[in-house]
Each structure stands twice: as structure tokens, then as C-alpha cells.
Amino acid sequence: MNIITGCTENEATSTEEYLKIEGYILEVEEGRILVAKEIPSEKYEEIKDKTIGEIQELDNERISLIFLSYKDTSSLKIGHKVDVWVEVVLMNHILLKLEQKK
């Protein structure tokens, strides 16, 4: 299990909110990954070899895709299931934590 954290801060305050995103990595590029959010493993198997355009054409299936930025993506692999926690403090402070499930 790998844990990745990153932080950017700009006048943080004490009001915090958390957002959890779970999904599968579809693409890994330098500095970012593409995640298909909230899909079961069976759906990942159906879409894993499709392009972004082909996935978007499956609009009736409501597959959400999100690009996440991260400096070091070298340990991330296509097909890994990930949990991402986003901590937001008044929109001025964002903390991303990524956990890979193998």
C-alpha cells in the first residue's frame, strides 16, 4: 500500500471539509493521473481499454472522470484502485491524500 500526500496552502483557517473520491486509475502521466470515479471493478474491466472519448460517449452510463495533479506519479499504475481524500479549508487550503489499494 502506498500513501501519497501533497499540500498547498494560502491563508488557511480552521474551517475544514473533506471529500473522498474512490476510483480506478485509467491514465498515468508526469504530474497527473486520470481516475474513473465511483465505479465497481466490473465496470473498470469494461472501460479500461477505451479512450477518454469512447468513455464519454457512454454518457448513459454516467462515468465520472477526474484528472488529479501530483508531482511524483512514478509509483502509480494504471488499474490501481485508489482512495483520494481532499481536505479544503475555505477554498484557500487544499490537501490531497491518495491511497492505492492492491
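These exercises, each with a worked solution, walk you through a predicted model of a protein chain.

## Exercise 1: Get your bearings

Work out which helices and strands the chain has, and in what order they come.

**Solution.**
- Step 1: Count the elements. The chain contains six strands and two helices.
- Step 2: Follow the sequence from start to end. The order of elements is β-β-β-α-α-β-β-β.
- Step 3: Look at the contacts. Taking those in the chain with a separation of 6 or more, 64% join residues 24 or more positions apart.
- Step 4: Look at the surface. The chain has 102 residues, and 29% of them count as buried. Its accessible surface is about 6,700 Å², with 47% belonging to carbon and sulfur atoms.

## Exercise 2: Decide how far to trust each part

Find which element has the lowest mean pLDDT and which has the highest.

**Solution.**
- Step 1: Begin with the whole chain. The average pLDDT is 76, and 66% of the residues score at least 70.
- Step 2: Compare the elements. Strand β1 (residues 3-9) has the lowest mean, 43, while helix α1 (residues 41-47) has the highest, 94.
- Step 3: Look around β1. Over residues 1-15 the pLDDT stays under 50. For this stretch the model has 41 contacts beyond four places in sequence.

## Exercise 3: Take a hairpin apart

Describe how β2 and β3 are joined and paired, and what the side chains of E29 and R32 do.

**Solution.**
- Step 1: Locate the strands. β2 covers residues 17-29 and β3 covers residues 32-37.
- Step 2: Find the pairing. Six bridges link the two strands, which run in the antiparallel sense.
- Step 3: Inspect the turn. Two residues sit between the strands of this hairpin. One feature of the turn is G31, whose phi is positive, about 90°.
- Step 4: Look across the strands. R32 in β3 stands opposite E29. The side chains of R32 and E29 form a salt bridge, with 2.8 Å from N to O.
- Step 5: Check how covered the partners are. Buried means under 20% relative accessible area and exposed means over 50%. R32 is partly exposed because its value of 31% falls in between. E29, at 32%, is partly exposed too.

## Exercise 4: Follow a loop residue

Where does D72 lie, and what does its side chain contact?

**Solution.**
- Step 1: Place the residue. D72 belongs to the loop between β4 (64-69) and β5 (81-89).
- Step 2: Look for a partner. The side chains of D72 and S74 are joined by a polar contact of 2.6 Å.
- Step 3: Relate the loop to the hairpin. D72 and R32 are 40 residues apart in sequence, and their C-alpha atoms are 8.4 Å apart in space.
- Step 4: Judge the accessibility. With a relative accessible area of 44%, D72 is partly exposed.

## Exercise 5: Spot an unusual backbone angle

Find what stands out about the phi of E38, and whether this residue is buried or exposed.

**Solution.**
- Step 1: Recall the background. Most residues other than glycine have a negative phi.
- Step 2: Read the angle. The phi of E38 is near 50°, a positive value, and E38 is not a glycine.
- Step 3: Place the residue. E38 is in the loop between β3 and α1.
- Step 4: Apply the cut-off. E38 has 52% relative accessibility, so E38 counts as exposed.

## Exercise 6: Sort out the salt bridges around α1

Name the salt-bridge partners of E46 and E45, and explain why E46 and K43 are about one helical turn apart.

**Solution.**
- Step 1: Start with the total. The structure has four salt bridges.
- Step 2: Take E46. Its salt-bridge partner is K43, with 3.0 Å between the closest N and O atoms.
- Step 3: Explain the spacing. E46 and K43 are separated by about one helical turn because they are three residues apart in helix α1.
- Step 4: Compare their cover. K43 is buried, with a relative accessible area of 17%, whereas E46 is partly exposed at 49%.
- Step 5: Take E45. E45 forms a salt bridge with K48, and the closest N and O atoms are 2.9 Å apart. E45 is partly exposed at 48%, and K48 is partly exposed at 34%.

Key:
Residues numbered from 1 in each chain as written. Predicted model: local features only at pLDDT ≥ 70, side-chain atom pairs only at ≥ 80, totals over all residues. Heavy atoms only, no water. Pairing = 2+ DSSP bridges. Helix = DSSP H or I, 4+ residues; strand = E, 2+ residues; numbered from the N terminus. Buried < 20%, exposed > 50% of the residue type's maximum accessible area, 1.4 Å probe, protein only. Polar contact = N/O pair within 3.5 Å; in protein donor to acceptor, adjacent residues only side chain to side chain. pLDDT = per-residue confidence, 0-100. Contact = heavy atoms within 4.5 Å. Areas by Shrake-Rupley, 256 points an atom, 1.4 Å probe, with all protein chains shown as cover.
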